[in-house]
Amino acid sequence: MHSYGIVGRQVQGGMEMSEMVNVAVDAMGGDNAPVEIVKGAVDAVNENEAVRIFLVGRQEVIAKELEKYTYDSGRVEIVHAEDVIETAEPPVMAIRKKKDSSIVKSMYMVKDGTCDAFVSAGSTGAVLVGGQVIVGRIKGVERPPLAPLIPTENGAALLVDCGANVDARPSHLVQFAKMGSVYMENVMGIKNPKVGIVNIGAEEEKGNALVKETFPLLKNCPEINFIGSIEARDIPSGAADVIVCEAFVGNVVLKLYEGVGATLIKKVKGGMMTNLRSKLGAFLVKPALKKTLKAFDLEEYGGAPMLGLNGLVVKTHGSSKAVEIKNSVLQCVTFKEQKINDKIKEKITLED
């Protein structure tokens with residue numbers, strides 16, 4: 001193990017180290033760092049005995065936050081990193097120059113096997129660059145995509161890609177479909193997940209050049225359950241389990257999802273407070289409504305894993321609160337337990 005300036009002792013906490021899932025968490029990244037980040041990390045440790053957290057960032061700041069909580073101190077450690085990569089910084093230059101940043105240090109911990117995964121709400125550009133340059137791609141993977149889970153009527157669907165590859169090629173989208181299928185089958189337990197490509201119509205001849213060229217490749221790929229084109233309006237109903245697109249389209253879909261969801265929740269809550277009758281009705285339906293709205297809260301699904309890397313990198317929203325950080329860490333446990341990277345390697349190797 002390389003020296004990372006780890007503060008504290010590596011206590012096994014009653015479990016063998018081989019059983020532990022070690023997760024580096026960028027304590028300095030995001031709009032709500034370090035308060036919500038530290039809280040989410042501690043919540044994950046308290047919820048799952050298999051988790052060991054390495055909080056990476058400024059030691060004094062993190063230690064002060066940790067004083068607020070009760071947790072197994074043998075499973076939470078601080079790794080001091082003096083620098084912070086800001087959102088507005090050019091990512092390539094930041095990764096090269098800020099070697100003592102929380103993002104770069106965490107990436108190297110994943111690269112050398114000290115940690116199984118890395119979670120960050122920090123600079124998306126730096127996380128994407130660091131994932132490819134430091135952690136590295138699985139051999140045969142052309143472009144690692146960002147793949148968040150999004151809520152649908154039937155549970156959750158995987159949106160691949162939502163932000164990593166704006167100018168993708170047909171071969172990239174085929175790999176997205178394969179990797180997304182592996183994830184949904186093994187992490188979400190969906191057998192033979194349905195794969196759809198985002199398009200402006202259901203007909204095979206519709207779409208832009210990328211979609212038209214990719215469609216027959218997906219159609220003739222025996223390793224996936226391709227159902228054809230999927231229009232944006234069909235995504236919330238759960239028409240597909242794996243939604244394939246390049247990052248420009250995926251990011252638009254994701255942001256619209258977030259915006260419409262937030263507006264609907266605001267409107268529903270406002271409508272229930274208009275008069276005494278609506279307030280009484282709201283009181284009666286509150287438990288059921290709360291459960292329903294929670295199912296459509298993107299924070300409940302954790303962050304977006306960067307599929308196809310040699311280690312797991314998970315990017316959460318810059319505005320992440322503790323619940324999204326916690327769920328992202330727990331997501332890493334399932335990812336390791338199900339050996340997702342090994343299964344992706346098997347899928348991609350079949351291409352050779």
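Here are some questions and answers about this predicted model.

User: Let's start with the overview: how many helices and strands does the chain have, and what share of its residues count as buried?
Analyst: Happy to begin there. The chain has 352 residues, and 49% of them count as buried. Its secondary structure comes to 11 helices and 12 strands.

User: Among contacts between residues at least 6 apart in sequence, what share join residues at least 24 apart?
Analyst: This one looks at how contacts spread along the chain. Taking the contacts between residues at least 6 apart in sequence, the part that joins residues at least 24 apart comes to 72%.

User: Which helix gives the most to the largest nonpolar core?
Analyst: The largest nonpolar core holds 62 residues, and those touching the most other members are Val-23, Ile-53, Leu-55, Leu-66, Leu-158, Tyr-183 and Val-329. The helix that gives the most to this core, with eight residues, spans residues 170-186 and is H6. Apart from this core lies another, of 39 residues, with Ala-24, Ala-126, Ile-230 and Val-253 among them. In soluble globular proteins, nonpolar side chains tend to be buried together. The name you asked for is helix H6.

User: Is Gln-331 buried or exposed, and which side chain does it join in a polar contact?
Analyst: Gln-331 is found in helix H10, residues 322-337. Its relative accessibility is 8%, below the 20% cut-off, so Gln-331 counts as buried. A polar contact of 2.9 Å joins its side chain to that of Tyr-183.

User: Leaving aside neighbours within four places in sequence, what is Tyr-183 in contact with?
Analyst: Tyr-183 is one of the residues that touch the most other members of the largest nonpolar core. Gln-331, its polar contact partner at 2.9 Å, also appears on its contact list. With sequence neighbours within four places left aside, the full list is Leu-149, Leu-158, Met-188, Pro-305, Leu-307, Gln-331 and Phe-335.

User: Which element gives the most to the lining of the second largest pocket?
Analyst: This pocket holds about 560 Å³ of space. It is lined by 35 residues, and the closest to its centre are Thr-124, Lys-315, Thr-316, His-317 and Gly-318. Strand S6 (149-152) and helix H8 (247-271) each supply at least two lining residues. The element that gives the most, with six residues, is H8.

User: How many residues of that pocket lining are nonpolar, polar and charged?
Analyst: The residues to sort are the 35 that line the second largest pocket. They divide into 15 nonpolar, 13 polar and seven charged.

User: Where is Pro-145, and what is the C-alpha distance from Pro-145 to Val-160?
Analyst: Pro-145 is found in the loop between helix H5 (124-135) and S6. Its relative accessibility is 0%, so Pro-145 counts as buried. Beyond four places in sequence, its contacts include Val-160, Asp-161, Phe-176 and Met-306. Pro-145 and Val-160 are 15 residues apart in sequence, and their C-alpha atoms are apart in space by 6.3 Å.

User: What is the C-alpha separation of Ile-134 and Met-109?
Analyst: Ile-134 is found in helix H5 and, at 4% relative accessibility, counts as buried. Not counting residues up to four places away in sequence, Ile-134 touches several residues, including Ile-95, Val-104, Met-107 and Tyr-108. Met-109 is 25 residues from Ile-134 along the chain, and their C-alpha atoms are separated by 9.9 Å.

User: How many residues of helix H4 are buried?
Analyst: Helix H4 covers residues 102-111 and is mostly covered. Its buried residues include Ser-102, Lys-105 and Met-109. Just after H4, Gly-113 takes a positive phi of about 90°. The buried count for H4 is eight of its 10 residues.

User: Which residues does the cis peptide bond with omega about 25° join?
Analyst: Most residues other than glycine have a negative phi, and most peptide bonds are trans. The peptide bond from Ala-33 to Pro-34 is cis, with omega near -5°, and Pro-34 sits in the loop between strand S2 (21-26) and helix H1 (35-47). Asp-161 is found in the loop between strand S7 (155-160) and H6. The cis bond with omega about 25° joins Val-160 and Asp-161.

User: Is Asn-192 buried or exposed, and what is its relative accessible area?
Analyst: Asn-192 lies in the loop between H6 and strand S8 (194-198). Although it is not a glycine, Asn-192 has a positive phi of about 50°. Asn-192 is exposed, because the cut-off is over 50% and its relative accessible area is 51%.

Terms used
Residues numbered from 1 in each chain as written. Predicted model: local features only at pLDDT ≥ 70, side-chain atom pairs only at ≥ 80, totals over all residues. Heavy atoms only, no water. Helix = DSSP H or I, 4+ residues; strand = E, 2+ residues; numbered from the N terminus. Buried < 20%, exposed > 50% of the residue type's maximum accessible area, 1.4 Å probe, protein only. Polar contact = N/O pair within 3.5 Å; in protein donor to acceptor, adjacent residues only side chain to side chain. Core = buried A, V, L, I, M, F, W, Y, C linked by side-chain atoms within 4.5 Å. Contact = heavy atoms within 4.5 Å. 1 Å grid on protein atoms, 1.4 Å probe; cavity = no way out; pocket = protein on both sides within 12 Å on 5 of 7 lines; lining within 4 Å. Points joined across faces, edges and corners; volume = space filled by probe spheres on them. Nonpolar A, V, L, I, M, F, W, Y, C, P; charged D, E, K, R; others polar.
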